[in-house]
Structures are given as C-alpha cells and as structure tokens.
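The exercises below are to be worked with the sequence and the coordinates at hand. Each task is followed by a solution in steps.

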Amino acid sequence: MTYCVGLLLNEGMVLLSDTRTNAGLDNIATYRKMFHFENKGERVISIVTAGSLSVTQTTIMRLREAIEAHDASEQTSIMLAPTMLKMASIIGETLAAVRLEIDEKLHAMKQGASASMIVAAQRRGGPMRLFLIYPEGNFIEATEDTPFLQIGEHKYGKPILDRVVTPQTSLQDAEKAVLLSMDSTLRSNLSVGMPLDLAIIEKDALCISRERRIEAGDEKFRAMSEAWSKALRDGFTQILI
C-alpha cells in the first residue's frame, strides 16, 4: 500500500508520496514513487505512483524508452505530445498495456496486478493540469471544485484536504496541508511509511521549483506532527456537547 496526493492551485502544483512497499510483514522495502520529466522552459511532467511495483516501474521505464527512442513522435513520447490531454492518453495507454501483460503472467498463479498514477504537468503556453490515471488507462482531471487527487491509502488523509485546500490556497499552506494529510495516514496505516518525497511546481516555471526528501526522524516533520496532535487535542477538549 502507499499514499500519494497531488494539489492543483492557482500558484502551482504540489505532489507528495511515501516510499514504502510491502510484500508481506517480513518483506518491507523503500522504493521511490515520484518521477520527473523536464525540458526546462518548455514542459514539466511529474508522476507519482501507487500499486504493483512491477507495473509502475515497467510503465515508467517504457515512458522513458519512448522519450529516448530515435523515432520518438507526438504519438509516442510524453515530451513531444502536442497537448497535455495527449500526454495523459499516452501514459494511460502505457499503464493499461503493462498491467494487462503482467496480469496474464500472474493468471496461472491466480494473482493480479494493478496500479494507478497522479500526473502533474504543464507545457509552455498552456495551463497547469493534474490527472489521475486509472489501471484501465482512463483518467480524470482535477478541477476548481476538486483541486486535489489521491491514490493509495487515501481515506485517512482526505478530511484535512477537504476542509483546508481550495484553488486559492498558497503553496506554503498547501505544503503544510499535504504533510499533515500524510502524517494522519502514517499514524493510521503501517503499510504507508517514510521517507517521503515532496515536489512543488510553481505556475509557469516549467520545471521542478523545489524538491525535498523527508527522512524518518526529520525534526521539522516531527515538530509539525506534534503541533498538529496538540491542536487536535486542544480543539477536542474545547468542544461542548
């Protein structure tokens, strides 16, 4: 299990993912689930992944191969796609094809594989876009009414996003919101774990504006978590029934 979240705001986009993979209680490992594709000044694409590691890693590798291929075209490369809608379609088609291939190999063992992705992207001259790509390859897009998307173990971290995040939320407050959303998830589900990867893409920057790896024991994250716990306890005691 994992937890990833993406925010689409007036000032930019924010992405956060954990790094834990779990193939049983005795087989827990750390793998990066956030990937960036950049042509600075032209376009930036960031992807966070949840689900079967074999599906997500193979999908990312095939996307990179398509970018680097000598015959790369607008139909095959996310870095050449003429629109962000076409870019999302390429990612969806690649994810769906990989999932089906791996599913067929696992069918004899009566097992299956699935994965989903959040894609944050912008090309020069175009608006910022945030997509959720489903295992079947179809996708939805964040809107002004719903400016955030989640994949993985999302139920614990959703309440604070529902209450706090709007398109007008500043990038600073958005960073705090996604970290507190992750903190709630970490406390409630052991299959989600640190380190965490955070990325911020400022509007029209067309590159990763800031990236941060948050390790277990990070003092700033611990202090924020403790302050949030205290605020919740204080708020609880002040409510009258």
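**Exercise 1: the sheet and its helices**

In this predicted model, I47 stands opposite V119 in β7.

Task: Determine how strands β6 and β7 pair, and place them in their sheet.

Solution.
- Step 1. Strand β6 covers residues 43–51 and strand β7 covers residues 115–123; the two pair in the antiparallel sense over nine bridges.
- Step 2. The open sheet has five strands in the order β5-β6-β7-β8-β9, and the pairing is antiparallel.
- Step 3. The edge strands, each pairing on one side only, are β5 (34–39) and β9 (139–141).
- Step 4. From one strand to the next, the twist averages 20 degrees.

Task: State which strands helix α1 lies across, and which strands helix α2 lies across.

Solution.
- Step 1. Helix α1 (residues 53–68) lies across β5, β6 and β7, and runs at about 10 degrees to β5.
- Step 2. Helix α2 (residues 84–107) lies across β6, β7, β8 (129–133) and β9, and runs at about 155 degrees to β7.

**Exercise 2: a residue of α1**

Task: Describe the surroundings of L53, which lies in helix α1.

Solution.
- Step 1. L53 has a relative accessibility of 23%, so it counts as partly exposed; the buried class ends at 20%.
- Step 2. With neighbours within four places in sequence left aside, L53 is in contact with T21 and Y31.
- Step 3. T21 is 32 residues from L53 along the chain, and their C-alpha atoms are separated by 7.8 Å.

**Exercise 3: the aromatic pair**

Task: Find the aromatic pair of the structure and classify its geometry.

Solution.
- Step 1. A search of the whole structure finds one aromatic pair. The pair consists of F131 and F139, 5.5 Å apart centre to centre, with 85 degrees between the planes.
- Step 2. Planes over 60 degrees apart count as edge-to-face, and the pair of F131 and F139 is edge-to-face.
- Step 3. F131 counts as buried because its relative accessibility is 0%. F139 is partly exposed, with a relative accessible area of 25%.

**Exercise 4: packing of α4 and α5**

Task: What is the angle between α4 and α5, and how far apart are their axes?

Solution.
- Step 1. Helix α4 (residues 171–188) and helix α5 (residues 219–238) pack at about 80 degrees, with their axes 10 Å apart.
- Step 2. That angle makes α4 roughly perpendicular to α5.
- Step 3. On the α4 side the contact is made by K176, L179, L180, D183, S184, L186 and R187; these meet F221, M224, S225, W228 and S229 in α5.
- Step 4. The residues of this contact of α4 with α5 divide into six nonpolar, three polar and three charged.

**Exercise 5: backbone geometry**

Task: Locate the cis peptide bond between M194 and P195, and the positive phi values of D204 and L206.

Solution.
- Step 1. Most residues other than glycine have a negative phi, and most peptide bonds are trans.
- Step 2. The peptide bond from M194 to P195 is cis, with omega near 5 degrees. P195 is placed in the loop between α4 and β11 (196–202).
- Step 3. D204 is not a glycine, yet its phi is positive at about 65 degrees. The loop between β11 and β12 (210–214) holds D204.
- Step 4. L206, also a residue other than glycine, has a positive phi near 60 degrees. L206 is found in the loop between β11 and β12.
- Step 5. With 7% relative accessibility, L206 counts as buried.

Definitions and conventions
Residues numbered from 1 in each chain as written. Predicted model: local features only at pLDDT ≥ 70, side-chain atom pairs only at ≥ 80, totals over all residues. Heavy atoms only, no water. Phe/Tyr/Trp six-rings, centres within 6.5 Å; stacked < 30°, edge-to-face > 60°. Buried < 20%, exposed > 50% of the residue type's maximum accessible area, 1.4 Å probe, protein only. Pairing = 2+ DSSP bridges. Helix = DSSP H or I, 4+ residues; strand = E, 2+ residues; numbered from the N terminus. Axes fitted to C-alpha atoms, helices over the stretch in contact; angles between N-to-C directions. Contact = heavy atoms within 4.5 Å. Parallel < 35°, antiparallel > 145°, perpendicular 65-115°, else oblique. Nonpolar A, V, L, I, M, F, W, Y, C, P; charged D, E, K, R; others polar.
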